[in-house]
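Hi,

Here is the model I promised to send over. Have a look at it first, and my notes follow underneath.

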Protein chains: 2
Amino acid sequence: MISVQQASATILSHLYKPALETVHIQESVGKVLAEAITADRDLPPFHRVTMDGIALRFETWKLGKRKFRIESIQAAGEPQKKLGDPENVIEVMTGAMLPAGTDTVIRYEDLVVESPHVTIANDQIELSQSVHRQGQDAKKDEVLLSPGIVLSPAEIALLASVGKAEVKVYGHPRTAIVASGDELVPIQDVPLPHQIRRSNTYAIEAAMRTMGWKGEQFHLPDEKTVLKNALEKILKEFDVIILSGGVSQGKFDFIPAVMEEIGVKKVFHQVSQRPGKPFWFGVSASGKVVFALPGNPVSTFMCFYRYIKPWLLKSLGIEGKTEQAILAKDFSFPPKLTYFLQVSVQNENGKIMAYPDAGGGSGDFANLKKIDGFLELPLERSEFKAGEAFPFIPFRL
Amino acid sequence: MISVQQASATILSHLYKPALETVHIQESVGKVLAEAITADRDLPPFHRVTMDGIALRFETWKLGKRKFRIESIQAAGEPQKKLGDPENVIEVMTGAMLPAGTDTVIRYEDLVVESPHVTIANDQIELSQSVHRQGQDAKKDEVLLSPGIVLSPAEIALLASVGKAEVKVYGHPRTAIVASGDELVPIQDVPLPHQIRRSNTYAIEAAMRTMGWKGEQFHLPDEKTVLKNALEKILKEFDVIILSGGVSQGKFDFIPAVMEEIGVKKVFHQVSQRPGKPFWFGVSASGKVVFALPGNPVSTFMCFYRYIKPWLLKSLGIEGKTEQAILAKDFSFPPKLTYFLQVSVQNENGKIMAYPDAGGGSGDFANLKKIDGFLELPLERSEFKAGEAFPFIPFRL
């Protein structure tokens, strides 16, 4: 039996090598950037007016002139105009190029306009005010975004700014999600008294979808030959297999043995944690990985978020941040196991407070309703005090 | 000019009435539940074994018996068996029904098995241990999930458990995202020196997509008649219009006037905030809403997250949580405006610390690279101290 830290480090040393995909910018949100994005010109590309008003030569104002003649209008989207007489001004609109021969903009709020003249009603004028200067944000050819970042809406806008209608991103692994267990029936069916519906694979697939990752679900019986043949075929067609069930010490828990037979070597079996102790992890000769999670619903769920999610992120080049939350009440857990405590969290004045949920002890999804995630309480200790911070693994949207 | 609080309350009093949609469970992650979900039977539906081992009658153990004969095996997925002789035990597998005539499970770790006999090697046995009792999580017909919650992976697993292959969710409004501004060109084009590419509508669409909300993009010129005709048509076909640009005081900012002409009444224009002061909001006779955001990229972005996102969530029945973050450095902002400060955040021992970014002052997306969201600093004050918590509006994935 290995520790949570050993299990995690081992998994993160068997990464998937992602393929490159080209997607349209509108499909790219949430994906991981796989190319460097550079500025195709200065940003902004010209001295840009940021307020509606007038543009003038600062020097003229500095010499005491306050009333000016409006010579012309510079609209946004027009080629740059030029101030003919340095004693005049040009009316300018937000987004327009700053006219040649001017360097400063004064907004309407500080003007009295009596066309074709204008008088400045504010003495607080600074050189270059209300001008967003060419290249102020970035110079042409400067790297704006580097590979390995998640594309959020702000980055997508930046892609649009530099004309990246198509963008290279890292592809997700082809992933099979496999449930085993003769007690499971499809969700459309009405179960017999001794059966339950298959819910774990739906939980895993939904968790994957929140990361833009797709999977295909399978259900295999607790019958060794059938299991073996099916898994052999799945291993050929997919990069990753996530199994739920069949790894305990039960008479019909064939997964570890079957895996060895189809060439997937055990890397570890059993982790000193609760829930999720029977967790099994293996790697095939060609480097494909198999996560065999315990069939208990909450174990399956916890193992996905604690191990598989960081594995995918790191495979795509993202170093996951460790979130922390503050235990809100004293808690005790004597066994020598890392305990993943079910908590609901509240943001209280910027502090993430984690409340243990007493009702959250059972292993079924019905109990996760009010739970926001797991607090990871270290194996070395058994008493945990209110006010201490621990790693927090959230699973809510 | 109205305050941020007034603007927000006004917007939240003009909600969209969502339509019901039925989606497959696998498409439901992130959607908002529109029906009550009840348990179709007890959860768990039977006394379920939670460890591999043996099941016995607790009373027999209590009377001192430690060595038993294994009578049969109860596998998961098998109809319930019955203990014939109360002095015997039945071998049981995780997920199986607890055999009739037994009440307690002892796991293999606490047993010495010498088939067909077994000896208990642990004296700490409790009645009903390792049994997840029928109905412990929920009783038949109990409401498990109520309308107005976002479906996270845990809820989707619960839907699967109770056989909801199809689920009713609230539909998003048909939404047009409209850019105006003659300086804007499509992202595929190479702009002339006085032009820039249209990025705001991509930012808005991407932000909407992170909420599962789809929009259609339009680009209209700064020409009043063309604007009017196009917007009139758009207003007929969509439930909501989000505009970017054309609401400042410039000569070509026709939006407010055009809106009145096509029957969209101004509810407010200008909010005492920076950025985003020229924000305009209107409502049509039939209750359709129009958000006209300033064209400055960061203003557009901030207004979406501060006003439009909560409006959608509340329309779908979700009361948005106010996140808070702790200012990490003193900050000063003298103007009498609510200031949306660009910050990067770090989780430090469970505290969300917000670092103002000095480079984040300009209005372009290029500056948002290291920014995680906006800290909302109230208008009434101009000095903000390190350690104080303020509302935080995150925009990162």
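Let me start with a sheet in chain A. Bear in mind throughout that this is a predicted model. The sheet is an open one of six strands with mixed pairing, and its order in chain A is β16-β13-β17-β21-β20-β18. β16 and β18 (264–269) of chain A are the edge strands, each with a single partner, so one side of each has no neighbour in the sheet. From one strand to the next the twist averages 20°.

Inside that sheet, β20 (residues 280–284) and β21 (residues 289–293) of chain A pair antiparallel over four bridges. If you want a spot to click on, Phe281(A) has Phe291(A) in β21(A) as its bridge partner.

Two helices of chain A lie across these strands. One is α4(A), which lies across β13, β16 and β17 of chain A and runs at about 160° to β13(A). The other is helix α5 (residues 224–237) of chain A, which lies across β13, β16, β17, β18 and β20 of chain A and runs at about 165° to β16(A).

How many of the 10 residues of helix α4 (residues 200–209) of chain A are buried? Nine are, so the helix is largely enclosed by the rest of the structure. The buried set is Asn200(A), Thr201(A), Tyr202(A), Ala203(A), Ile204(A), Glu205(A), Ala206(A), Ala207(A) and Met208(A). What do they pack against? Within chain A there are β13 (175–180), β16 (215–220), β17 (240–244) and α7 (297–315), and from chain B comes α3.

On to chain B, where α4(B) is also mostly covered, with nine of its 10 residues buried. Among them are Asn200(B), Tyr202(B), Glu205(B) and Met208(B). The buried residues of α4(B) pack against α3 (153–161) of chain A, and against β13 (175–180), β16 (215–220), β17 (240–244) and α7 of chain B.

How are the two chains related? A turn of 180° with a shift of 0.0 Å along the axis lays chain B on chain A with an RMSD of 0.1 Å. That is what a two-fold axis does. In chain B, Lys351(B) has the C-alpha nearest the axis, at 2.2 Å from it. Both copies use the same surface, as 100% of the contact residues of chain B recur in chain A.

The contact itself takes 86 residues from chain B and 86 residues from chain A. On the chain B side, α3 (153–161), β15 (196–197), α4 (200–209), α7, β22 and β25 each supply at least two residues. Sorted by class, the side of chain B that touches chain A has 42 nonpolar, 30 polar and 14 charged residues.

Two of those contributors, β22 and β25, also pair with each other. Two bridges join β22(B) to strand β25 (residues 351–356) of chain B, and the strands run parallel. Here Ile326(B) has Met353(B) in β25(B) as its bridge partner. Strand β22 (residues 324–327) of chain B is also joined by three bridges to strand β28 (residues 389–394) of chain B, this time antiparallel. In that pairing, Ala325(B) is matched with Phe390(B) in β28(B).

Chain B also has an open sheet of six strands worth a look, with the order β7-β4-β6-β5-β9-β8 and mixed pairing. Which strands stand at its edges? They are β7 (104–107) and β8 (111–114) of chain B, each with a single partner strand, so each has one side left without a neighbour in the sheet. The twist averages 40° from one strand to the next. Further in, β5 (residues 67–74) and β6 (residues 89–92) of chain B pair in the parallel sense over four bridges, and Ile70(B) stands opposite Val89(B) in β6(B).

Last, the start of chain B. In helix α1 (residues 4–11) of chain B, Val4(B), Ala7(B) and Ile11(B) are buried. Looking down the axis of α1(B), the buried residues fall within an arc of 65°, so they line one face of the helix. In general, an α-helix has 3.6 residues a turn, so residues three or four places apart point the same way. The buried residues of α1(B) pack against β18 (264–269), β19 (273–274), β20 (280–284), α7 (297–315) and β24 (338–348) of chain B.

Cheers

Terms used: Residues are numbered from 1 along each chain as its sequence is written. Chains are lettered from A and ligands numbered from 1 in the order in which they are written. This is a predicted model: local features need pLDDT of at least 70, side-chain atom pairs count only at pLDDT 80 or more; totals for chains, interfaces and linings use all residues. Copies are superposed by least squares on the C-alpha atoms of residues with pLDDT of at least 70 in both. Two residues are in contact if their C-beta atoms, placed from the backbone, lie within 7 Å. A residue is buried if 20 or more other C-beta atoms lie within 10 Å of its own, exposed if 12 or fewer, and partly exposed in between; C-beta atoms are placed from the backbone. The arc is that of the directions from the helix axis to the C-beta atoms. Two strands pair if DSSP finds at least two bridges between them. Axes are lines fitted to C-alpha atoms, for helices over the stretch in contact, and angles run from 0 to 180 degrees between N-to-C directions. Ala, Val, Leu, Ile, Met, Phe, Trp, Tyr, Cys and Pro count as nonpolar, Asp, Glu, Lys and Arg as charged, and the others, Gly among them, as polar.
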